Amino acid sequence: MKLWDKGADIDTKIIDFTVGNDREIDVHIAKYDVQATRAHVKMLNKIGILTDEELKSLLPQLDILEAHTQNPDFFIEPEYEDIHSKLEAELTLILGDTGKKVHTARSRNDQVLVALQLYYKEQLQQIKARTVSLFETLMHLGEKHKDKLLPGYTHLQVAMPSSFGLWFTAYAELLIDDVILINATQDIVDQNPLGSAAGYGSSFPIDRQMTTKELGFATMKYNVVAAQMARGKSERTLASTLGSLANTLSRFAMDVCLYMSQNFGFVSFPEHLTTGSSIMPHKKNPDVFELIRGKCNQIQSLSTEMVLITNNLPSGYHRDYQLLKENTISAVETIKDILEIFDYVIGQVIVKEIDLNDEKYKYLFTVDSINDLVVEGKSFREAYQQIGGQVQDGTYKPEAGKNHTHIGSIHNPGFAEIKAKMRKVSTALDIK
């Protein structure tokens with residue numbers, strides 16, 4: 001069954017090419033298509049298109065279908081193009097002519113739009129919750145290991161003293177920026193496009209305020225052309241936000257891979273969280289973090305893809321939009337998995353003791369030494385040259401243990417302030 005079937009025979013090759021992977025992809029938005037249909041038929045009843053009896057027969061069937069979409073074995077059969085045609089066909093099979101009325105005052109264009117907006121809205125909330133969970137894990141680790149010093153690096157050269165407290169909570173605070181972007185993206189997708197039909201509205205006296213309220217949208221996309229043009233814009237915004245979060249996670253994963261290596265040896269993990277080699281029995285590989293790094297880099301490429309598909313399209317609907325679904329939904333599902341596994345594994349990290357008296361860390365405290373001379377009355381340039389001369393002639397002797405007191409530094413990391421900042425941007429979630 002095709003929603004656009006007028007009775008003419010269409011070449012099978014054309015059907016296969018235009019349907020693409022929609023049947024597999026639409027499993028993810030099936031629940032939301034049912035929810036939108038429920039709101040739509042209630043509205044059709046209000047404006048007199050559906051009778052009370054017809055509505056009474058439709059609602060329980062929609063409940064059954066929504067429950068069915070949540071079964072792990074739910075799929076869309078080959079005889080249907082997508083979830084929209086399957087839903088209408090099943091309602092028609094059970095209810096006859098009543099089922100044939102559910103598409104009244106809708107187009108497949110706004111039908112898929114509203115299902116996607118509902119999907120994005122709910123998935124962003126889940127992504128935010130998992131991001132906040134990872135944030136809390138990192139804050140806990142930072143507080144637990146705040147007194148353990150860690151060499152800081154610039155250009156991958158030993159630079160200045162840092163700490164595990166700073167390292168863990170640095171990434172925690174970066175996640176706050178990602179939550180801010182998630183919030184902004186939620187605002188963008190939290191606009192009801194239903195009623196825009198094919199992009200130019202309907203001659204039926206539909207009540208878009210009603211469907212907006214029924215579906216829990218904060219507002220609607222009022223202009224019907226703007227509603228249709230939101231397809232692509234929502235995906236570009238979402239892709240950019242997911243890319244930002246993926247960037248934070250991929251950089252952190254890279255740190256973990258680096259710090260696990262024997263040349264650094266700063267952290268480790270229990271044996272059951274690592275993998276081995278088929279020929280080297282000593283290997284303890286950070287495969288989880290390498291895959292996180294690779295998957296996050298894939299997600300960061302999504303924004304470019306979304307831009308290239310949509311950047312030169314004129315107003316109105318175009319079938320190019322179909323290409324936005326697959327990789328966007330894949331990225332959403334992947335980032336959720338990444339956040340879950342990252343949180344699970346990093347929470348079991350083993351922080352090692354680092355011997356800062358090791359020769360390779362000899363110059364870790366040169367800046368502190370310069371600052372000591374400045375406190376004693378030398379100018380910074382004079383102190384810099386004096387310590388620099390000691391480094392050059394091999395006479396420099398480090399003195400560890402200097403106290404860093406300013407907010408955000410080793411001995412005053414600002415944990416409470418970072419937590420407060422996250423609470424401010426995550427008011428709908430329980431932040432400890």
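**Exercise 1.** Is Val374 buried, partly exposed or exposed, and what is its relative accessible area? Place the residue in the fold and find its nonpolar neighbours on the surface.

*Solution.* Keep in mind that you are working with a predicted model.
- Step 1: Find the element. Val374 sits in helix H12, which covers residues 366-375.
- Step 2: Read the accessibility. Val374 has a relative accessible area of 32%. Buried would need under 20% and exposed over 50%, so Val374 is partly exposed.
- Step 3: Look at the surface around it. Val374 belongs to a nonpolar patch with Phe380 and Tyr384. Together, the three residues of this patch have about 270 Å² of accessible area.

**Exercise 2.** Inspect the loop between strand E1 (149-154) and strand E2 (157-163). Which backbone feature do you find at His155, and is this residue buried or exposed? Then treat Leu156 in the same way.

*Solution.*
- Step 1: Start with His155, which lies in that loop. Its phi is near 60°, a positive value in a residue other than glycine.
- Step 2: Check its accessibility. The figure for His155 is 75%, so this residue counts as exposed.
- Step 3: Move on to Leu156, which is also in the loop between E1 and E2. Leu156 is not a glycine, yet its phi is positive, at about 60°.
- Step 4: Check accessibility again. Leu156 counts as exposed because its relative accessibility is 57%.

**Exercise 3.** How many cavities of 30 Å³ or more are there? Describe the largest cavity by its volume, its lining and the elements that supply it.

*Solution.*
- Step 1: Count. There are two cavities of 30 Å³ or more.
- Step 2: Take the volume. The largest cavity holds about 50 Å³ of space.
- Step 3: List the lining: Val34, Leu65, His68, Thr69, Phe74, Ile83, Lys86, Leu87 and Glu90.
- Step 4: Assign elements. Helix H4 (52-69) and helix H5 (83-95) each give two or more residues to this lining. H5 provides the largest share, with four residues.
- Step 5: Sort by class. Five lining residues are nonpolar, two are polar and two are charged.

**Exercise 4.** Now repeat the analysis: what lines the second largest cavity?

*Solution.*
- Step 1: Take the volume, which is about 30 Å³ for the second largest cavity.
- Step 2: List the lining: His40, Met43, Ala105, Leu194, Gly195, Ile206, Asp207, Arg208 and Thr211.
- Step 3: Assign elements. Two or more of these residues come from helix H3 (30-46), and two or more from helix H8 (208-214).
- Step 4: Sort by class. The lining of the second largest cavity has four nonpolar, three polar and two charged residues.

Terms used
Residues are numbered from 1 along each chain as its sequence is written. This is a predicted model: local features need pLDDT of at least 70, side-chain atom pairs count only at pLDDT 80 or more; totals for chains, interfaces and linings use all residues. Side-chain values use heavy atoms; hydrogens and water are left out. Patches are made of residues with over 30% relative accessible area and no salt bridge: like charges are joined within 9 Å, nonpolar side chains (Val, Leu, Ile, Met, Phe, Trp, Tyr) within 5 Å. Accessible areas come from the Shrake-Rupley method with a 1.4 Å probe; for residues, only the protein chains shown count as cover. A salt bridge is a side-chain nitrogen of Lys or Arg within 4 Å of a carboxyl oxygen of Asp or Glu. Buried means under 20% relative accessible area, exposed over 50%, partly exposed in between (1.4 Å probe, protein chains only). On a 1 Å grid over the protein atoms alone, a cavity is a set of points where a 1.4 Å probe fits but cannot get out, and a pocket is an open set with protein on both sides within 12 Å along at least five of seven lines; lining residues have an atom within 4 Å of a point. Grid points are joined across faces, edges and corners, and a volume is the space filled by probe spheres set on the points. Ala, Val, Leu, Ile, Met, Phe, Trp, Tyr, Cys and Pro count as nonpolar, Asp, Glu, Lys and Arg as charged, and the others, Gly among them, as polar.
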